[in-house]
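Got your viewer open? Let's take a walk through this structure, one selection at a time.

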There are 4 protein chains.
Amino acid sequence: MKKVAIVGGTGYTGVELLRLLARHPSVSVCAITSRSEAGKAVVDIYPSLRGEYELNFTEPTTDTLSQADVVFFATPNGVAMKQAPKLLEEGVKIIDLAADFRIQDIDVWSHWYGMEHACADLVAEAVYGLPEVNQEAIKQAKLVANPGCYPTAVQLGLLPLIEQGLIDTGHIVADCKSGVSGAGRGAAVGSLMCEAADSFKAYGVAGHRHLPEIKERLSLAHGSHVGVTFVPHLTPMIRGIHATLYAKLSQPSTSLESIQALFEARYQNHPFVDVMPLGSHPETRSVRGSNMCRIALHRPQGEDTLVILSAIDNLVKGAAGQAVHNMNLMLGLAETEGLNSVPLAP
Amino acid sequence: MKKVAIVGGTGYTGVELLRLLARHPSVSVCAITSRSEAGKAVVDIYPSLRGEYELNFTEPTTDTLSQADVVFFATPNGVAMKQAPKLLEEGVKIIDLAADFRIQDIDVWSHWYGMEHACADLVAEAVYGLPEVNQEAIKQAKLVANPGCYPTAVQLGLLPLIEQGLIDTGHIVADCKSGVSGAGRGAAVGSLMCEAADSFKAYGVAGHRHLPEIKERLSLAHGSHVGVTFVPHLTPMIRGIHATLYAKLSQPSTSLESIQALFEARYQNHPFVDVMPLGSHPETRSVRGSNMCRIALHRPQGEDTLVILSAIDNLVKGAAGQAVHNMNLMLGLAETEGLNSVPLAP
Amino acid sequence: MKKVAIVGGTGYTGVELLRLLARHPSVSVCAITSRSEAGKAVVDIYPSLRGEYELNFTEPTTDTLSQADVVFFATPNGVAMKQAPKLLEEGVKIIDLAADFRIQDIDVWSHWYGMEHACADLVAEAVYGLPEVNQEAIKQAKLVANPGCYPTAVQLGLLPLIEQGLIDTGHIVADCKSGVSGAGRGAAVGSLMCEAADSFKAYGVAGHRHLPEIKERLSLAHGSHVGVTFVPHLTPMIRGIHATLYAKLSQPSTSLESIQALFEARYQNHPFVDVMPLGSHPETRSVRGSNMCRIALHRPQGEDTLVILSAIDNLVKGAAGQAVHNMNLMLGLAETEGLNSVPLAP
Amino acid sequence: MKKVAIVGGTGYTGVELLRLLARHPSVSVCAITSRSEAGKAVVDIYPSLRGEYELNFTEPTTDTLSQADVVFFATPNGVAMKQAPKLLEEGVKIIDLAADFRIQDIDVWSHWYGMEHACADLVAEAVYGLPEVNQEAIKQAKLVANPGCYPTAVQLGLLPLIEQGLIDTGHIVADCKSGVSGAGRGAAVGSLMCEAADSFKAYGVAGHRHLPEIKERLSLAHGSHVGVTFVPHLTPMIRGIHATLYAKLSQPSTSLESIQALFEARYQNHPFVDVMPLGSHPETRSVRGSNMCRIALHRPQGEDTLVILSAIDNLVKGAAGQAVHNMNLMLGLAETEGLNSVPLAP
């Protein structure tokens, strides 16, 4: 039984980690930290976990955390980078669910996140934790940058096309829709039920922090610059991201069936990507509470624009589930351990 | 590995059975029937189950069903009573998730359900499947009547008080609120999102079919007639029932603490009832997707009216989960097998 | 054209006043104040009002406010009582949408609101602004206490019965359900969409501030103490309150038809109470955005417990609409001026 | 006082017409028809209209309808084309809220709507009722084809650019999101709250009936073929459409400020289009219940892809409100009569 700790356990990614780890057969949670709730029982904040955990929230001291084999940082941006060096020295493996290690280009990172990086040298060492790309590297990694939620949905929908050079990489459109849990559990007016329910809007059109992550990773896959217009939207639901991706085929003669075959082959050994039959429309609820990404391909009216639909649960495949997946790989466990819950629908 | 079949698998209780049974370690689903969808793959109707089932819907023939050790009827009222005699003869155990065997008084049943009973003699044999009351009888049962969703929430909140004669049984108020899934997957205008969302209403105040069930079971527990005013309400959410129960203490001197102790003792060996600390307010989402019933006790302003709050997921503890619980008991399995999923919150 | 000002205009009751007053033919808004947003344009905070108002938020100085004929306080509790004396001296009429003047018993008020009253003498002068009770007094009033949202729905459902002595006033149950806008626009975790959506819970069962208001007003109507068990619930919708009221008939021989006739007579000259036909179930959406209260009466199973259903829009009849109604009366205008919008359904 | 009749009054566009017309100062509803509900009072189906209408639903006979000055068809596709010729002969003006007269190319229409056109000659006579384009023609029209909801949001967002030839018209992307009311009040499983709430999906990606309408109208504005990839999505809300439009600038040197100025000039005399300040993100709730279309322009990261956001209430500007706007023009009334309700937010 391996021991894991969670830093910043009161947010939605923290509680989702707790939900998933409660049934993981090979690890146990030895500590969960929260400065604001230190001393309180986890189940007093999250009654849904009553009977599952005896733990109290504690202060995030290195002493506490260094007892763990793996530490998850479910903290705001800028926290993990301060604590990571010490913990890595102590031999602890780290999975950061925030953005501190997601972007290799430090200048780009600083520009978008508005701070100096506290350990730029570690960024190069960090492995980008998208198992469908970096499975082998993750197995060897000491420090994993868990991908952003939007970048996960977008990359999985585009990677096969970009890797094979099938689309015009200058003008991709990623129109993405997220449930409100993506905004976190912080008390913000914009996330109030009366502000977000029964309404729909775009936000951050001028520029969202997940844009440079998407661009960097797609460009790495492509071997050169990829141009993406990325527009996130707030959808009146709790969980779920739906990416609608538009890409122009380089060769109009490429058949949709061949692309379907490409996607199926690309993901056949990846248990958390489901390439649906042609003509499907994945619903976010079909992955609610699960680590699955469902993808469907369309070529409307036979024109040269390909439409790829990609749906994930932002808190699972877009955050905590992918983090557990990465942990499984880092610890040499089976990929799917603790991640086999069936989606909750309706 | 025991074999189970589901009759009427396209409704919400049917798909919820499939979700729960997909991870049950000791049973496998050998057949799922639907007259309207016969021939179609289960996963074409329920993409959330992709990868979980290879089954197609089939016609509900006795031949098909008699191969199962247990058959679940997730059908409209009046279906199970027609097929039950034959299947029981074949040695198949039956769990009816509809109302055909819930009420012992056949006249009362016919009055409320508007039809003659097709096998009145079997009703007396049927065991009312509330494991917190009938655990031992269920273990021996061949035919179990799975309780209604409202009756489950109401009984669990009142039983300890009624069994101990602590409240005025003449004037109990059960103000109950249900999510829309309680109305089923039938295409009805009243269940449309545009009719049911962002609104709240009572319905069936003059009389709801769960009233005679509640009255009969509470009266059996009490030993004589219990008077209940039961008002169901439609709440703009998918899953969940919240019962707010009002009862006058027979003896105002009875302390709330002693009642709390009584509830804790009453349910200590029942894994699916969680008596929360005094002063709690159970949320339905704290049991979303799980078989748990959470109960909290209040005595507002120290007056003689007791308020009991009882929350369940209507599709799990109020239907499919309780049915699996009953199946576990009938098959001699551990009570909690296949029922240990952690509630999905948020 | 009379001039009105709004103090505390950034909350939901403030913006609702702006919505209603934008179309009021006899008044214009001369000032709207907000310490936190002073200097900003109203329409930058509320784009739904673009084209309706040129106003900026300003500081709530007495100079600004004393230019108005009527000042609405849409502020937290404890603000109006500090500014009211000065403004009344200046001849300004005041309508307080908070609780400072709702309760005549100052000790009770201080107990529940946790502060000393700043102008206890004015409380006696204040008129409780429920037009269906105090219409004539409101016309003469200089200071009106706009009722709470729950107390409005509860009183309108019970007053005819209590005034006529038809029910047991010792054991009334008021089971009330509110949309999330009742919690205001403050950034609180409990009001986040991810906390409040797709879930249902009771809150404040031990005691809610609207309880003493309900008790005092019903007791005044009755002439002696009325006992009420009041349980508020949070419902996953934006607007709306639904009160389900349970009362035992003093005389079981009283017919439901006679009570229906009583309600119809009681409210026939009150344009904002709609007594629906017997057997109706008012939906909150049927009053969405309007100042109407819809009421329906039931006597389930012919027993001696009466069930009264009462539905309002908490932001209109439960707050801003009732305040405009009170203003109309105070200014000698027609009752319904500016309040004739048709409910928005679906 | 002009007389209007509504054919097919039980759907959402029918009841929305009733809501708007209830306060229209210059017209009165003389008849509302429904085969299925004939004989029933309107307010029994729509309690939100209690006190507003005395009307009963009637059969849609020509006798009844020919008494009206204007008849609205709020019926399924294929109904208006059968009744229109007779009514036009009788001198009645017609506004069809369905699709019978929206598309000039009859073959295209038949292909997408799957039926022969019953009066192809009238199609050429019909005026496409988008007042921001055809204001003068609508004033003279006897037969108006009220635009589709998606086409309204999309055209208003693109027309200024297309009219001025500023964008690449070969590869426009229209990613559109609609509330569930767009699917109508028919009892369909996909519109159930339990299917549509708390989830998000695309639908009709292969081809949606609003695509040929969008293409034809944009091509007419452009003078030659316009290529559009149109993907509609179902959003878990009741009302609202949000179109996110992507277009490549023909000349990258065109400044966003100049485009903003162009939009402001284009719509300055059109009271129901609000061009918001640069950088805005219109929310659908900011137009809830109103006839307004709010538009905002973006040019993310200064690249050559323009993003236009366009939000309407699908039942108002996307249906009933635009129909009343058209009626006002046809009857020589002020454009905004009966259409000045303030959006309901929150």
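## A loop in chain C

Start by selecting C:Asp198, which sits in the loop between α9 (193–196) and β9 (201–202) of chain C. Before you zoom in, keep in mind that this is a predicted model. The backbone here is worth a look: phi of C:Asp198 is positive, about 50°, although the residue is not a glycine. Is C:Asp198 buried or exposed? It counts as buried, because it has 25 C-beta neighbours inside 10 Å and the cut-off for that label is 20 or more.

## The sheet of chain C

Stay in chain C and switch to a cartoon view. Look for an open sheet of 7 strands, with parallel pairing, in the order β3-β2-β1-β4-β5-β7-β6. Which strands stand at the edges? They are β3 (57–58) and β6 (127–128) of chain C; each has a single partner strand, so one side of each lacks a neighbour in the sheet.

Now select residues 70–73 and 93–96 of chain C. These are strands β4 and β5, and they pair in the parallel sense over 4 bridges. To see one pairing up close, pick C:Val71: its bridge partner in β5(C) is C:Ile94.

Next, add residues 316–330 of chain C to your selection. This is helix α12, and it lies across β1 (2–7), β4, β5 and β7 (143–145) of chain C. Relative to β5(C), the helix runs at about 160°.

## Where chains A and C touch

Bring chain A into view alongside chain C. How many residues of chain A are in contact with chain C? There are 15, and they meet 15 residues of chain C. On the chain A side, select residues 193–196: helix α9 of chain A supplies the largest share of that side, 3 residues. Colour the chain A side by residue type and you get 11 nonpolar, 2 polar and 2 charged residues.

Now try superposing the two chains. A turn of 180° and a shift of 0.0 Å along the axis lay chain A on chain C with an RMSD of 0.0 Å. That is how a two-fold axis relates two copies. The same surface serves both of them, as 100% of the contact residues of chain A recur in chain C.

## Over to chain B: another sheet

Hide the other chains and show chain B. Here you'll find an open sheet of 7 strands, in the order β3-β2-β1-β4-β5-β7-β6 and with parallel pairing. At its edges are β3 (57–58) and β6 of chain B, each pairing on one side only.

Select residues 70–73 and 93–96 of chain B. They are strands β4 and β5, which run parallel and are joined by 4 bridges. This time pick B:Phe73, whose bridge partner in β5(B) is B:Asp96.

## A helix with two faces

Select residues 131–140 of chain B, which make up helix α7. Show the side chains and find B:Pro131, B:Val133 and B:Ile138, which are buried. They sit on the same side of α7(B), because they cover an arc of only 125° around the axis. What do these buried residues pack against? Their neighbours are β6 (127–128), β7 (143–145), α8 (149–163) and α12 (316–330) of chain B. Turn the helix around, and on the face pointing away from the buried side you'll meet the exposed residues B:Glu136 and B:Gln140.

## Two loop stops in chain B

Head for B:Ala41, in the loop between β2 (27–33) and α2 (42–45) of chain B. With 15 C-beta neighbours inside 10 Å, B:Ala41 counts as partly exposed. Try a distance label from here to B:Gly227: the two C-alpha atoms are separated by 47 Å, and the residues are 186 apart along the chain.

Then jump to B:Gln301, in the loop between β13 (293–298) and β14 (305–312) of chain B. Its phi is near 60°, a positive value in a residue other than glycine. B:Gln301 is partly exposed, with 16 other C-beta atoms within 10 Å.

## Last stop: cis peptide bonds

Finish with B:Ala345 and B:Pro346, which are joined by a cis peptide bond with omega about 0°. B:Pro346 belongs to the segment after α12 of chain B. Then show chain D and select D:Ala345 and D:Pro346: the peptide bond from one to the other is cis, with omega near 5°. You'll find D:Pro346 in the segment after α12 (316–330) of chain D.

Conventions
Residues are numbered from 1 along each chain as its sequence is written. Chains are lettered from A and ligands numbered from 1 in the order in which they are written. This is a predicted model: local features need pLDDT of at least 70, side-chain atom pairs count only at pLDDT 80 or more; totals for chains, interfaces and linings use all residues. Two residues are in contact if their C-beta atoms, placed from the backbone, lie within 7 Å. Ala, Val, Leu, Ile, Met, Phe, Trp, Tyr, Cys and Pro count as nonpolar, Asp, Glu, Lys and Arg as charged, and the others, Gly among them, as polar. Copies are superposed by least squares on the C-alpha atoms of residues with pLDDT of at least 70 in both. A residue is buried if 20 or more other C-beta atoms lie within 10 Å of its own, exposed if 12 or fewer, and partly exposed in between; C-beta atoms are placed from the backbone. The arc is that of the directions from the helix axis to the C-beta atoms. Two strands pair if DSSP finds at least two bridges between them. Axes are lines fitted to C-alpha atoms, for helices over the stretch in contact, and angles run from 0 to 180 degrees between N-to-C directions.
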